[in-house]
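Please read the following note alongside the sequence and the coordinates. The points move from one chain, to the contact between chains, to a helix pair and a single residue.

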Amino acid sequence: MLPGLETVNPDLALLTPHLIILGLALLLLAIDVIVPRWRGAPMAYLTIIGYAAALVATLLMIDTNETTFNGMFRADDFSVFVNIIVLTAGILSVLISINYMTSRAEPGSMPVPEYYTLITFSILGTMIVGAAGDLLIVFLGIEMTSLAAYTLTGFARHRTTSLEGALKYFLLGLFASAILVYGMAWTYGATGTTNLTEIATELTAFDTAGGVEASLLLAVLLVIIGLGFKVAAVPFHMWTPDAYQGAPTPVSAYMSVIPKTAGFAAMVRLLVQAMAPLRDEWTIIIAVLAVVTMFFGNIVAIAQTDVKRMLGYSSIGHTGYMLAALAAFGASSDLNDDLSVTSLLFYLLAYAFMNIGAFAVVTWLQDRGRGVDVEDFRGLASQSPYAAVIMTIFLLSLTGLPPLVGFYAKYYVILATVDADLIWLAVAIVLASAASAFVYLRLIATMYFSQAEQPAPEGSTPFLGAGLITMVAGTVLVGVFSGQVIDLAQEWVEALTVPF
Amino acid sequence: MEELTATHFLLLSAALFIIGMMGVLTRRNVIVIFMSVELMINGVNVALIGFAWEQNSMVGQSFALFVIAVAAAESIVGLGIIMALQRRIDTIDVADVRQLRE
């Protein structure tokens with residue numbers, strides 16, 4: 001009765017970027033044992049070279065759109081774009097970590113080889129979610145990303161707050177995983193398959209038969225709650241401020257982009273690709289979550305005095321805009337005009353540059369012995385004008401001012417929501433952005449209009465400087481060339497083969 | 001005698017999942033919270049195996065095996081974090097772990 005086992009000959013060429021990253025992670029572990037004197041900077045060079053190689057391999061795979069491992073692995077243009085986001089964010093995270101590891105910002109030391117290995121495994125997990133064609137692969141990828149993220153949060157193990165952040169992140173993340181996988185079990189139970197495309201086919205058959213079963217609604221709800229925790233949507237955001245404040249600063253930067261990308265990639269794979277026939281049910285839930293999330297995050301951020309905690313709340317606000325993009329799915333009958341996933345992907349890429357950038361400036365100050373309070377930014381403009389200008393660029397981009405990339409990101413999300421006739425959602429985005437301006441302008445005002453109380457920050461951090469220059473360039477250039485990036489992101493329509 | 005159906009599996013799974021969820025939401029001891037989550041995950045496994053049994057396919061069963069493996073990996077990371085924290089502040093009560101505040 002059981003189907004016979006078939007042997008598969010996987011097309012491993014489709015996995016090139018993933019295999020490069022896997023090889024890199026194993027190589028880093030091996031080097032730690034075999035050549036201990038390479039710990040430190042050589043390991044970071046190797047990591048960056050590995051990510052860049054995987055990025056090149058990814059760019060060569062544009063327009064491939066093939067599947068392997070019996071449809072479990074999809075090398076399509078959606079996975080290409082996810083790879084671009086995470087590998088870029090990975091390179092930037094490593095660049096801002098190198099000087100931080102050797103600075104005296106953390107009590108005791110952080111073990112360097114494991115740090116780069118864990119970031120690499122986390123990136124691999126996110127890339128796997130992006131390329132998943134099966135519920136099981138989505139689950140395994142998400143867990144791979146999260147497990148590395150919990151560990152990295154507690155990496156400053158001689159500082160209690162770091163461990164506290166890790167504990168809270170871990171407990172709620174585990175709780176969320178249990179809910180998510182229960183949702184997957186119900187999806188499998190209702191449709192009889194775990195393949196995402198086949199789930200969509202089954203659901204279309206149900207849909208034409210009329211009515212949605214309660215078990216399917218339960219599955220959708222559990223999946224949204226589980227992934228809501230992962231992307232830090234209100235009311236599932238409780239871990240976010242603590243984890244961001246407790247983690248070592250470069251880890252907070254990495255955490256704001258890479259696990260979030262994994263969560264959103266999983267949402268697209270599960271909700272858009274597999275559950276598109278149920279879109280009338282889930283888009284409204286996502287839209288409501290989006291509004292609550294964007295207002296809560298941005299308003300609570302106003303009252304924060306710790307910059308890392310403030311950026312944590314502001315990251316919740318940005319999750320709200322990204323959810324709004326997803327809520328616009330299924331608006332027009334022609335998917336080629338559907339900007340929902342396009343604007344979500346573009347937002348994530350834009351966010352990688354500007355948010356890691358803002359955390360990088362906090363790292364820059366910490367490397368020079370300053371704290372992470374808003375007060376520590378007092379008079380920065382008179383003491384180190386370049387750092388102040390760079391921070392201002394990132395903060396204005398996060399606010400959404402043209403011609404920076406943050407403006408284009410919000411512009412495309414608003415365009416998508418207007419196309420979907422969700423005018424109230426578009427209005428909410430504009431109002432929430434106005435509220436967020438208070439958060440970012442307060443920090444800018446502190447840098448420019450208050451008297452410095454501490455001695456001028458001094459020190460040399462070449463890698464961090466290179467990272468900052470890259471991110472400023474990204475924040476400006478991705479905005480200028482947004483047309484080309486959007487064209488690439490729009491390829492998701494062919495990649496996901498959504499039944500419509 | 002009543003025959004075993006998928007409903008029995010699902011009732012057991014829902015019971016385990018809800019008991020685990022109540023444990024997570026009401027308990028304060030980190031280890032007990034952790035055990036409650038494990039209970040939720042086992043509820044999921046029962047559901048997966050029940051569905052696989054109903055549909056006479058191996059997919060759900062192999063899914064459950066992967067879930068067990070992931071849960072084991074999670075235990076290691078979690079207990080590691082709890083150990084490290086307990087060495088520093090000598091408590092496993094979540095209410096005492098609250099240095100991070102607004």
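1. The model under discussion is a predicted one, and I begin with how chain B is put together. In chain B, residues 24 or more positions apart account for 48% of the contacts with a separation of 6 or more. Buried residues, for their part, make up 35% of the 102 residues in this chain.

2. The secondary structure of chain B consists of three helices and zero strands, and the order of its elements from the N terminus is accordingly α-α-α. The radius of gyration of chain B is 17 Å, well over the 13 Å that the globule rule gives for 102 residues, so chain B is more spread out than a compact globule. The C-alpha trace of chain B spans about 55 × 25 × 25 Å along its principal axes.

3. Turning to the contact between the two chains, 33 residues are contributed by chain A and 34 residues by chain B. On the side of chain A that touches chain B, at least two residues each are supplied by α5 (135-153), α6 (160-191) and α9 (239-246). The largest share of that side comes from α6(A), with 17 residues. By character, the residues of the side of chain A that touches chain B divide into 18 nonpolar, eleven polar and four charged.

4. Which helix of chain A does α4(A) pass in a left-handed crossing? The partner is α5(A), and the axes of α4 (residues 112-130) and α5(A) come within 7 Å and cross at roughly 155°. Since angles over 145 degrees count as roughly antiparallel, α4(A) and α5(A) are therefore roughly antiparallel to each other.

5. As for the residues that meet in this helix pair, α4(A) brings, among others, L118(A), I119(A), F121(A) and L124(A), while those of α5(A) include I137(A), V138(A), M144(A) and L152(A). Glycines also take part, including G125(A) in α4(A) and G141(A) in α5(A). The residues of the contact of α4(A) with α5(A) divide into 14 nonpolar, six polar and no charged.

6. A last point concerns Y411(A), which has its place in helix α16 (residues 405-419) of chain A. Is Y411(A) buried, exposed or partly exposed? With 16 C-beta neighbours inside 10 Å, Y411(A) counts as partly exposed, because a residue is buried only from 20 such neighbours upward and exposed at 12 or fewer. Y411(A) and Y347(A) are 64 residues apart in sequence, and their C-alpha atoms are 9.8 Å apart in space.

Note on methods. Residues numbered from 1 in each chain as written. Chains lettered and ligands numbered in written order. Predicted model: local features only at pLDDT ≥ 70, side-chain atom pairs only at ≥ 80, totals over all residues. Helix = DSSP H or I, 4+ residues; strand = E, 2+ residues; numbered from the N terminus. Rg over C-alpha atoms; globule rule 2.2 N^0.38 Å. Contact = placed C-beta atoms within 7 Å. Nonpolar A, V, L, I, M, F, W, Y, C, P; charged D, E, K, R; others polar. Axes fitted to C-alpha atoms, helices over the stretch in contact; angles between N-to-C directions. Parallel < 35°, antiparallel > 145°, perpendicular 65-115°, else oblique. Left-handed = near helix turned anticlockwise from the far one by under 90°.
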